[in-house]
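Got the viewer open? Here is a short walk through the model, one selection at a time.

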Amino acid sequence: MKIVIMGAPGSGKGTQAEIISKDLEIPTISTGSILRYEVESGSKLGQKIKDTISQGILIPDELITELLLKRVDSPDCKNGYILDGFPRTINQAKSLDENIDIDKVLVLEVEDQVILNRLSGRRSCTNCNIVYHVQSKKPQVEGVCDICGEPLIIRDDDKEEIIKKRLEIYRESTKPVIDYYKQKGKVVTVDCVDGIEENTKLIRKALLK
Ligand code: G5P
Ligand code: MG
């Protein structure tokens, strides 16, 4: 099964994709994580990407599409995957369509006020990509990843003014992608206002539709 998970920054795409990918035994491919790995590598390209991400704006379509299509060509993707964070523009969606037939587009709906709270309390592990929250998903030891023991970080783009910029770009560039997929009859929408576990139950139900 090939699923796209969409929603505003902080709607829970990464968190929920991680859980659902275990259910379905398929990998999650997060373009945000692919880009952050490139930044961590210290390459010249990584430096450019870092500047763009920290401003809360999008990476050029051509570059991100090339990285994504290369990734889905890997052997672990042969039974399907969940795309988290791609496509984010109509151009990206059209390029994806030319190469891959997506089965379902799962849209997580969350209000802006909830998003600000989720992102201001988020703590991330750059090593294994697990995300935590200072109130609703605490690690066993404060500031340390449960899985690998690495220190947790606050993402550069989780500052309030950058979150607002990301929300603006989401509305302008990414929401039209949801309409694009609605016309193709592929969208299932889930109201994700509750806790993580409650929302996972709703998502599992929606995926059976
Ligand atoms: P990313 O990395 O794709 P965003 O902005 O799309 O970044 P983000 O911030 O990673 O999305 P998320 O994955 O939707 O948010 O949310 P999350 O991390 O799972 O959860 C957020 C917090 O809420 C956590 O603390 C979590 O514990 C809590 N939480 C999660 N779910 C729930 C829930 O159900 N209930 C409750 N109560 N709490 C919950 O992209 C970053 C940048 O990379 C570039 C862009 O510059 C982008 O800004 N980029 C691209 N550029 C161009 N094209 C693309 N395709 C690109 N992809 C990435
Ligand atoms: Mg994410």
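Helices and strands here are DSSP runs, numbered from the N terminus, with at least four residues for a helix and at least two for a strand. Keep in mind that this is a predicted model.

**Whole chain**

Start with everything on screen. The protein chain has 8 helices and 7 strands. Its C-alpha trace spans about 45 × 40 × 35 Å along the principal axes. The radius of gyration is 16 Å, which agrees with a compact globule of 209 residues, for which a value near 17 Å would be expected. Colour by accessibility and 44% of the 209 residues count as buried. If you draw a contact map, take the contacts with a separation of 6 or more: 70% of them come from residues 24 or more positions apart.

**Loop stops**

Select Asn-129, in the loop between β5 (122-124) and β6 (131-133). Its phi is near 70°, a positive value in a residue other than glycine. Asn-129 is partly exposed, at 32% relative accessible area.

Now jump to Glu-25, in the loop between α1 (13-24) and β2 (28-30). This is another non-glycine residue with a positive phi, about 55°. Is Glu-25 buried or exposed? With 71% relative accessibility, it counts as exposed.

Next, pick Phe-86 and Pro-87 together. The peptide bond joining them is cis, with omega about 0°. Pro-87 sits in the loop between β3 (81-84) and α5. Why stop at these three places? Most residues other than glycine have a negative phi, and most peptide bonds are trans.

**Helix α5 and its partners**

Follow the chain on to helix α5, residues 90-99, and show helix α7, residues 160-183, as well. Their axes come within 8 Å and cross at roughly 40°. That angle makes α5 oblique to α7. To see the contact, show side chains for Ile-90, Ala-93, Lys-94, Leu-96 and Asp-97 in α5, which meet Ser-173, Pro-176, Val-177, Tyr-180 and Tyr-181 in α7. By class, this contact of α5 with α7 has 7 nonpolar, 1 polar and 2 charged residues.

Swap α7 for helix α4, residues 61-72. The axes of α4 and α5 come within 10 Å and cross at roughly 35°, and α4 passes α5 in a right-handed crossing. Which residues of α4 meet α5? They are Asp-61, Ile-64, Thr-65, Leu-68 and Leu-69, and on the α5 side look for Asn-91, Gln-92, Ser-95, Leu-96 and Asn-99. The contact of α4 with α5 divides into 4 nonpolar, 5 polar and 1 charged residues. Leu-96 appears in the contact with α7 and in the one with α4.

**Two buried residues**

Go back to helix α7 and select Ile-169. It counts as buried because its relative accessibility is 11%, and the cut-off for buried is under 20%. Leaving out neighbours within four places in sequence, Ile-169 is in contact with Gly-56, Ile-57, Leu-58 and Thr-174. Try a distance label to Arg-88: the C-alpha atoms of Ile-169 and Arg-88 are separated by 9.5 Å, though the two residues are 81 apart along the chain.

Finish at Thr-200 in helix α8, residues 196-208. At 4% relative accessibility, Thr-200 also counts as buried. Not counting residues up to four places away in sequence, Thr-200 touches Gln-16, Ile-19 and Ile-20.

Note on methods
Residues are numbered from 1 along each chain as its sequence is written. Chains are lettered from A and ligands numbered from 1 in the order in which they are written. This is a predicted model: local features need pLDDT of at least 70, side-chain atom pairs count only at pLDDT 80 or more; totals for chains, interfaces and linings use all residues. Side-chain values use heavy atoms; hydrogens and water are left out. Axes are lines fitted to C-alpha atoms, for helices over the stretch in contact, and angles run from 0 to 180 degrees between N-to-C directions. Angles under 35 degrees count as roughly parallel, over 145 as roughly antiparallel, 65 to 115 as roughly perpendicular and the rest as oblique. Contact means heavy atoms within 4.5 Å. Ala, Val, Leu, Ile, Met, Phe, Trp, Tyr, Cys and Pro count as nonpolar, Asp, Glu, Lys and Arg as charged, and the others, Gly among them, as polar. A crossing is left-handed if the near helix is turned anticlockwise from the far one by less than a right angle, and right-handed if clockwise. Buried means under 20% relative accessible area, exposed over 50%, partly exposed in between (1.4 Å probe, protein chains only). The radius of gyration is taken over C-alpha atoms; the globule rule is 2.2 Å times the number of residues to the power 0.38.
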